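Biologist: Let's look at how some labels in this structure are earned. I will ask, and you set each value against its cut-off.

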Amino acid sequence: MALYHFKAVNQQGEIQEGRLEGTDQQAILLQLQHRGLIPMLVEPIDPHKPLSLSLSLTGKTVNERQIQVLTQDLAALLKAGVALERAFSIMMQVRSNPADNKLLGQLQEGVRRGQPLSMVLAEQGTAFSHFYLNMVKAAEIAGNLEQGLADLSVYMERSRQLKEKALSALLYPAILLLVSAASLLIILTYVIPQFQQLFADMGQQLPLATRIVIGTAEFIKGKGLWLLLVVLLMLIYGQRQLRKPEIRLHWDSFLLRLPLVGELLKRLEVARFSRSLGTLMKGGVPLLNALHIAKDTLTNSRMAQTLDAAADSLKAGKRLAEPLLASGVFPPLAIQMIQVGEETGQLEEMLLKVADRYDQEVETAIQRLLTVLEPLLIVGLGLIIAGIIISILVAILNINELPV
């Protein structure tokens, strides 16, 4: 049994805190709920450190993760019957992060002026996305703000997990690639030059492989900084070119056609789009408006272009699945599930099921990509280093064959 520190709010809006023993955090949450308390903070107590009362992440600005936690806490308080203004006061009392408290204070002040929460959130600049604002506005119109915030919290958590899976998958290959590049750089700029004077005293022509390796080493040592500058300029130029819609469209279409990588990108985009559209529709946003908002969550312009055609199709009285099928970029399984949702009148539920399904598909695609990519990187590095070593050994053997 472990010891946990908790902060919770009772039905009267009063803050309670203390310590409880349990097998894990979920067990503590259940204990608090059985007591009629709303959990705000549950964290394990480290016996070797003083008790920390901090609930939020540190930092000067509120990040996406902190907004998700704030949304979750606000939904819990509203569901318990706490008034919106009082809920902000409670949340400020249990937080020590200045950025959190500043944001909550601004929101509370706006609510005190009688403004709707969606309008107050819009006044915070780019802190809250267009998607977030529309979800809150739809929940206010439906008169079910607490449920809308709860759905938003779930959406943000699932989206964050999906993003972290993709980034985690790319981390190991990126580290392996950097280590490989650093190893080759050390070999070519430090090890190879040690043999140059020895080879210069041979008085005969070196083997072709050795000449290529030495020439490459001399070029990198003499022109390496210039080469790096050219690469950086090319990357900057390419990034600027990708800002042009027609070039970005061709590039994104090319990425979708790549083996393994293209399938992974499709699954990521389908999971993101389905969860966005399903969450918006569940929150009460009309399908056509939700489609335009969900389109902004996509990063691939080719797939986003398909949604423009889908919006035109909806305006003409057709269904969503038809233009998605005609585009050829959305997976057939996702389209079939969407079609079933339209036929049964349960499109939002089916979209969320599509998102859950493709979250799992993303994990499978990532594992498949890593299964191919990691051996390729290792074998490729091994072959390059082996080629360098063999070229040097051949030249050394030629030295041994010279007459004394």
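Modeller: Start with D359. Its relative accessible area is 11%. Bear in mind that this is a predicted model.

Biologist: Why is D359 called buried?

Modeller: Buried means under 20% relative accessible area. D359 has 11%, so it is buried.

Biologist: Where is D359 found, and with which residues is it in contact?

Modeller: D359 is found in helix α15, residues 347-400. Setting aside neighbours within four places in sequence, D359 is in contact with L162, K165, A271 and R275. Contact here means heavy atoms within 4.5 Å.

Biologist: What makes strand β3 largely enclosed by the rest of the structure?

Modeller: Count its buried residues. Strand β3 spans residues 38-44, and 5 of its 7 residues are buried, so the rest of the structure largely encloses it.

Biologist: How do you know that strands β1 and β3 pair?

Modeller: Pairing needs at least two bridges. Strand β1, residues 2-9, is joined to β3 by 6 bridges, so the two pair. They run antiparallel. K7 stands opposite L41 in β3.

Biologist: Now two helices. At what angle do α10 and α11 pack?

Modeller: Helix α10 (residues 261-282) and helix α11 (residues 287-295) pack at about 145 degrees. Their axes are 9 Å apart. The crossing is right-handed.

Biologist: Which residues make that contact?

Modeller: From α10 come F273, S276, L277, L280 and M281. From α11 come L287, A290, L291, I293 and A294.

Biologist: How many of the contact residues are nonpolar, polar or charged?

Modeller: The contact of α10 with α11 has 9 nonpolar, 1 polar and no charged residues. Leu, Ala, Ile, Met and Phe count among the nonpolar kinds.

Definitions and conventions: Residues numbered from 1 in each chain as written. Predicted model: local features only at pLDDT ≥ 70, side-chain atom pairs only at ≥ 80, totals over all residues. Heavy atoms only, no water. Helix = DSSP H or I, 4+ residues; strand = E, 2+ residues; numbered from the N terminus. Buried < 20%, exposed > 50% of the residue type's maximum accessible area, 1.4 Å probe, protein only. Axes fitted to C-alpha atoms, helices over the stretch in contact; angles between N-to-C directions. Left-handed = near helix turned anticlockwise from the far one by under 90°.
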